[in-house]
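Got your viewer open? Load the model, keep the selection box handy, and we'll walk through it stop by stop.

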Amino acid sequence: MTSFISLLLIMLPLKPADFPANMVWMGQGLEPVATIKVKKGHVIGRTSILITPYEFIRLKSAVEGSDDLCTWAVDEAVKSCLSSMKEATDRATNRENNDAELIKAYETRLKTTEKSLIKLERHNKIMLYVASGLALVASSTTALLIWGK
């Protein structure tokens, strides 16, 4: 008789049988998550998250079918952390390559700018001598015109 009662207790569902279909059973001792069904054009007076009926059924099945919701949540959190860590590692390792390419590009740009600067300085020096010469010729011509009369 006791084995029959034990078997009966094991076979009993973990959630109440009269639980509404639009609520998600979170487990013993936790408040169930209540949901509302909305139709197109319905206005909700607060910020909410909308999921399709298919997504709701998947979510409800995953949560209610889970033996240990905490283990599932921790596993999902660990997966998310590992994914983020992998992305950060990839970004950090690729950054070295990108930085090396960027440094080479800046070095090339610097060399080009320095060559252009040297050429412009030489051009400025030539223009300085030409302007000085023209100023000397103009002042000499002016002086000769003034004193020559």
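The tour starts with the whole chain and then moves to single helices and residues.

**Before you click**

This is a predicted model: local features need pLDDT of at least 70, side-chain atom pairs count only at pLDDT 80 or more, and totals for chains, interfaces and linings use all residues. Residues are numbered from 1 along each chain as its sequence is written, and side-chain values use heavy atoms, with hydrogens and water left out.

**Stop 1: the whole protein**

Show everything as a cartoon. You should find 3 helices and 2 strands, in the order α-β-β-α-α along the sequence. Helices here are DSSP runs of H or I with at least four residues, strands are runs of E with at least two, and both are numbered from the N terminus.

Now switch on the surface. The protein exposes about 13900 Å², with carbon and sulfur atoms supplying 65% of that; such areas come from the Shrake-Rupley method with a 1.4 Å probe, and for residues only the protein chains shown count as cover. Of the 149 residues, 5% are buried. Buried means under 20% relative accessible area, exposed means over 50%, and partly exposed is in between (1.4 Å probe, protein chains only).

**Stop 2: helix α2**

Select residues 53-65. This is α2, whose 13 residues reach 17 Å from first C-alpha to last, close to the expected 18 Å at 1.5 Å a residue (the expected span is 1.5 Å times one less than the number of residues).

Which residues of α2 are buried? Colour Phe56, Lys60 and Val63, and you have them. They cover an arc of only 75° around the axis, so they sit on the same side of α2; the arc is that of the directions from the helix axis to the C-beta atoms. Now spin the helix: the face turned away from the buried side carries the exposed Tyr54, Ile57, Arg58 and Gly65.

**Stop 3: Thr35**

Step back along the chain to Thr35, in the loop between β2 (33-34) and α2. Thr35 is partly exposed, with a relative accessible area of 25%. Leaving aside neighbours within four places in sequence, Thr35 is in contact (heavy atoms within 4.5 Å) with Asn22, Met23 and Phe56. You've met Phe56 already, as one of the buried residues of α2. For a distance to try, pick Thr35 and Ala21: they are 14 residues apart in sequence and 9.4 Å apart in space, C-alpha to C-alpha.

**Stop 4: two salt bridges**

How many salt bridges does a search of the whole structure find? It finds 2, where a salt bridge is a side-chain nitrogen of Lys or Arg within 4 Å of a carboxyl oxygen of Asp or Glu.

- Select Glu76 and Lys79: the closest N and O atoms are 3.7 Å apart. The two are 3 residues apart in helix α3, about one helical turn. Glu76 is partly exposed at 36%, while Lys79 is exposed at 54%.
- Select Lys86 and Asp90: here the closest N and O atoms are 3.1 Å apart. Both lie in α3, 4 residues apart, again about one turn. Lys86 is exposed at 54%, and Asp90 is partly exposed at 34%.

An α-helix has 3.6 residues a turn, so residues three or four places apart point the same way.

**Stop 5: a nonpolar patch**

Last, select Val74, Val78, Leu82 and Met85, which make a nonpolar surface patch of about 370 Å². Patches are made of residues with over 30% relative accessible area and no salt bridge; like charges are joined within 9 Å, and nonpolar side chains (Val, Leu, Ile, Met, Phe, Trp, Tyr) within 5 Å. Finish on Met85, which lies in helix α3 (residues 69-148) and counts as exposed at 52% relative accessibility.
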